[in-house]
Amino acid sequence: FPSDSAVIENPGTAEADPIFELTAKEKTTFAMVATGEDGEKYNMIGIPADDDVEVVDTRASVLFENGSTIDTWQTATLEMVDSHFIDSLDGVMGTDDAGIRPSSWGTPRQKQRGAGVYKELPNPIQDFEIESTFDVISSREIENWRMGIMFWDENWNNLGMIGLKDNSRNYRRRVPLARYGPYRGSGRGSGYLIGDADRIDNAREITLFYLRVKREGNTFDFYIGEWQNQQHVRNWQGTYRDVNNQYSGKLRYVSLYITSYQDRPLPTRARMNSVEVFELSQTTVDQTPYILYEGDTVIFDHNNSDILVNGESRMDLKDFGGRFFKLMKGYNTITTMPDGAFDTKVRFRPRYR
């Protein structure tokens, strides 16, 4: 679109199903795409903020790392990672200018070997969210590796972990991992909400995963999605309510590790593109929260009746009155709101009959 409004020609002889892609240029509380001279048909997520309502940011970034400052992190010890699986951590964590990855993998022993680092947050936080993208190229079945983000309270009590592994020498395997609390073995009571039962065998050589953990109050929410073609083609979710407040300490430390099994061939790429930690806060009745931030992408998919935010289906954000409208044959006036908030693209397949 040249601006917030554009005239789109549908050259077909029938209606078409558009797919709108909006990339945020600034923070906003809603995103809307409408058609018609008066915008009588629209689709929308979020809530426009009234003049008498305070707009608030419920997600404040307190830590961001994409490899550019990885040298400011401290070297982790085995006690700061999943040492049940790792017995050598003398590698060096570095960067390839696109993310976080080992510059050396260390000494092979009996278990996993690699690199680990940790960072202390500026201040401990109660409600938090951690998100990351893991970018892997691993083509040989014999390759065996493990990547994880662990999070700890002020006394180094492990609040949980989120990660990805390949633990097979017979398959190109991808196993998403999410656990509340410290490692307690496998099976019932282990704390794993996403794990071995969720594995993908014969996976694609190039795989990209989005990982997120959120704790609000006493509830942990985990989400892992596999990226393909701008959307999550698979996803795994898990929720744990810590009714006994065993893992209620404030988040203070975050540790990262990337490892490979013994002296097996190394994956071509095992990288965390970025890791970000947010402090979360709650809104009151007279406040409206931001739901999109600069760089976020919203796809209104009117072909598949879905709404994606950064690849994740977010139909829960859809406005009740919104509709998956069609492009009429001929010329269509399309408008996006808020004014100046998005760079917009649209694609559709003209129909002939």
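R146 lies over the face of F85 in this predicted model, at 3.8 Å from the ring centre. A charge is taken to sit over a ring if NZ of Lys or CZ of Arg is within 6 Å of the ring centre and within 35 degrees of the ring normal. A second arrangement of this kind involves R59, whose charged end sits over the ring of F278 at 3.7 Å from its centre. The model is predicted, and local features need pLDDT of at least 70, side-chain atom pairs count only at pLDDT 80 or more, and totals for chains, interfaces and linings use all residues. Residues are numbered from 1 along each chain as its sequence is written, and side-chain values use heavy atoms, with hydrogens and water left out.

R59 also takes part in strand pairing, standing opposite L280 in β21. Strands (E, at least two residues) are DSSP runs, numbered from the N terminus, and two of them pair if DSSP finds at least two bridges between them. Strands of a sheet pair through backbone hydrogen bonds, either parallel or antiparallel. β6 (59–65) and β21 (269–280) run antiparallel and are joined by six bridges. β21 also pairs with β12 in the antiparallel sense, over ten bridges, and F134 stands opposite M272 in β21. Eleven of the twelve residues of β21 are buried (under 20% relative accessible area, with exposed being over 50% and partly exposed in between; 1.4 Å probe, protein chains only). β21 is therefore largely enclosed by the rest of the structure.

R59 appears once more in the largest pocket, where R59, E129, E131, Y210 and R212 are the lining residues nearest the centre. A pocket is defined on a 1 Å grid over the protein atoms alone as an open set of points where a 1.4 Å probe fits, with protein on both sides within 12 Å along at least five of seven lines. Lining residues have an atom within 4 Å of a point. The largest pocket has a volume of about 1400 Å³, a volume being the space filled by probe spheres set on the grid points, which are joined across faces, edges and corners. Its lining comprises 49 residues. Strands that each supply at least two residues of this lining include β6, β12 (128–137), β18 (219–228), β19 (231–241) and β21. The largest share, five residues, comes from β17.

Aromatic contacts were searched across the whole structure, giving eleven aromatic pairs. Rings of Phe, Tyr and Trp (its six-membered ring) pair if their centres lie within 6.5 Å; planes under 30 degrees apart count as stacked, over 60 as edge-to-face and the rest as tilted. W156 and Y253 form a stacked pair, with 4.2 Å centre to centre and 15° between the planes. This pair links distant parts of the chain, 97 residues apart: W156 is in the loop between β13 (145–153) and β14 (158–166), whereas Y253 is in strand β20 (residues 251–261). W156 is partly exposed, with a relative accessible area of 28%, while Y253, at 13% relative accessibility, counts as buried. Ring pairs further link Y118, W152, W156 and Y253 into a cluster.

The backbone of W156 has a phi near 60°, a positive value in a residue other than glycine. Q230 likewise has a positive phi, near 70°. Q230 is found in the loop between β18 and β19 and, at 37% relative accessibility, counts as partly exposed.

Two open sheets were also identified. One has four strands in the order β1-β26-β3-β4, with antiparallel pairing. Its edge strands, β1 (5–10) and β4 (41–46), each pair on one side only. Neighbouring strands of this sheet are turned by 20° against each other on average, direction ignored, where axes are lines fitted to C-alpha atoms and angles generally run from 0 to 180 degrees between N-to-C directions. Within this sheet, β1 and strand β26 (residues 330–337) pair in the antiparallel sense over six bridges, and S5 stands opposite T335 in β26. A cis peptide bond, with omega about 0°, joins M337 and P338. P338 is found in the loop between β26 and β27 (342–347).

The other open sheet has five strands in the order β25-β24-β23-β2-β27, with antiparallel pairing. Here the edge strands are β25 and β27, each of which pairs on one side only. Strand β2 (residues 19–24) and strand β23 (residues 297–301) pair in the antiparallel sense over five bridges, with I19 opposite D301 in β23.
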